[in-house]
Every structure is written in C-alpha cells, then in structure tokens.
Amino acid sequence: VLLGDPDQPVALHLLGLIAHQAGKNEIAVNLITKAVRFKPKYAAAYNNLGVALKELGRVEEAVACYHKAFDLKTDYAEPHNNLGITLQELGKLDEAVGCFRKALAIKPDYVTAHNNLGVALKDLGKLEEAVSSYRRALELDPEYAAGHSNLGTVLGELNYLSDAVKQ
C-alpha cells in the first residue's frame with residue numbers, strides 16, 4: 001500500500017503498531033506521527049502514538065496524545081485506560097482511578113480497565129474495592145490470568161487465605 005501511496009495514514013499507523021509490537025518504539029513514533037500528519041483526526045493513531053511515546057519515557061507527550069485521542073472520539077475508552085496506566089506509574093493514583101473509571105463508564109465490559117482499576121485501588125490501600133474490581137474482570141473473562149493473580153494477592157493480604165489459594 002505504501003509503495004502506491006507513501007502518505008496513506010492507515011497503513012502508516014498499522015506499520016507503526018507493528019514496529020511498537022517489535023519493540024522499535026522510535027520507528028513507531030515516526031510512522032504514527034506521519035500518519036496523524038496526514039489524518040489529523042485519527043483518534044486510534046493518537047492513542048497508539050501515546051503508548052509508543054510512553055515506552056520511550058516521553059510521558060508528557062504521551063499524555064497529550066491520550067487527551068487528543070479522547071477529545072477526538074469522546075466514546076473511546078482505551079486512551080482513558082492508557083492515561084490511567086501512565087498516571088499510576090507517576091504515582092498519581094487518585095487521578096489514575098478517575099481515568100480507569102472513565103474508561104469503564106464508556107466501556108463497562110473492559111476487562112483490562114477493571115484489572116487496572118483494581119491495581120490502583122490496591123496501591124491506594126483500598127483492598128476491598130480492589131477485590132471487587134478484580135472479581136468483575138474475572139466475571140467478564142474467567143481465564144484472565146492477571147486478574148486471578150492480582151485477586152489472589154489481595155485476598156492473601158486480607159487474610160482470606162483459603163480464597164487466595166483458589167486463585
């Protein structure tokens with residue numbers, strides 16, 4: 001596709017995703033930046049550009065990309081989740097919880113966001129609320145390994161050892 005149209009934004013974005021998945025985030029950033037230059041209202045590309053930028057430690061730019069993504073597409077849960085992850089890594093746990101809750105308001109069956117909310121709540125010391133988030137993730141996807149692991153850990157911390165062992 002790019003041989004016929006080197007400025008084709010969808011192809012540039014997808015090639016950037018492949019670069020990101022291969023751990024080549026500089027290349028991903030370059031390709032996805034080019035994609036949004038040719039298609040400035042491409043919310044998915046801004047979200048994925050944010051992910052690649054965060055991996056490169058360019059956090060402020062990543063945050064700006066997540067905001068651009070959900071400004072362009074108000075019903076887009078993923079950038080809220082990704083912003084929450086970024087804020088959590090920065091130690092801004094209350095803000096992260098808010099982002100995960102926004103993602104879930106948009107997409108109530110978003111398993112990863114339920115799990116991420118549980119992690120942030122656990123980090124805030126709100127263990128019972130974390131348990132609820134992990135359980136909701138597992139209701140939606142009973143095979144979700146991270147949810148089982150996280151739930152077992154928190155149940156152990158709450159001294160619900162027999163329940164923790166089951167996870």
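**Charge, fold and one lysine in a predicted helical chain**

The chain carries 18 positive and 21 negative side chains, with the centres of the two sets 4 Å apart; Lys and Arg are taken as positive and Asp and Glu as negative, while His and the chain ends are left uncounted, and each charge is placed at NZ of Lys, CZ of Arg, CG of Asp or CD of Glu. The model is predicted, so that local features need pLDDT of at least 70 and side-chain atom pairs count only at pLDDT 80 or more, whereas totals for chains, interfaces and linings use all residues. Residues are numbered from 1 along each chain as its sequence is written, and side-chain values use heavy atoms, without hydrogens and water.

Ten helices and zero strands are found in the chain, where helices are DSSP runs of H or I with at least four residues and strands are runs of E with at least two, numbered from the N terminus. Along the principal axes, the C-alpha atoms fill a box of roughly 60 × 25 × 25 Å. Of the contacts (heavy atoms within 4.5 Å) between residues at least 6 apart in sequence, 44% join residues at least 24 apart.

Buried residues, those under 20% relative accessible area with a 1.4 Å probe and protein chains only, make up 44% of the 167 residues. One residue to follow is lysine 54, which lies in helix α3, residues 43-55, and which counts as buried because its relative accessibility is 15%. Beyond its neighbours within four places in sequence, lysine 54 is in contact with Ala62, Tyr66, Ile85, Thr86 and Glu89.

Definitions and conventions
Buried means under 20% relative accessible area, exposed over 50%, partly exposed in between (1.4 Å probe, protein chains only).
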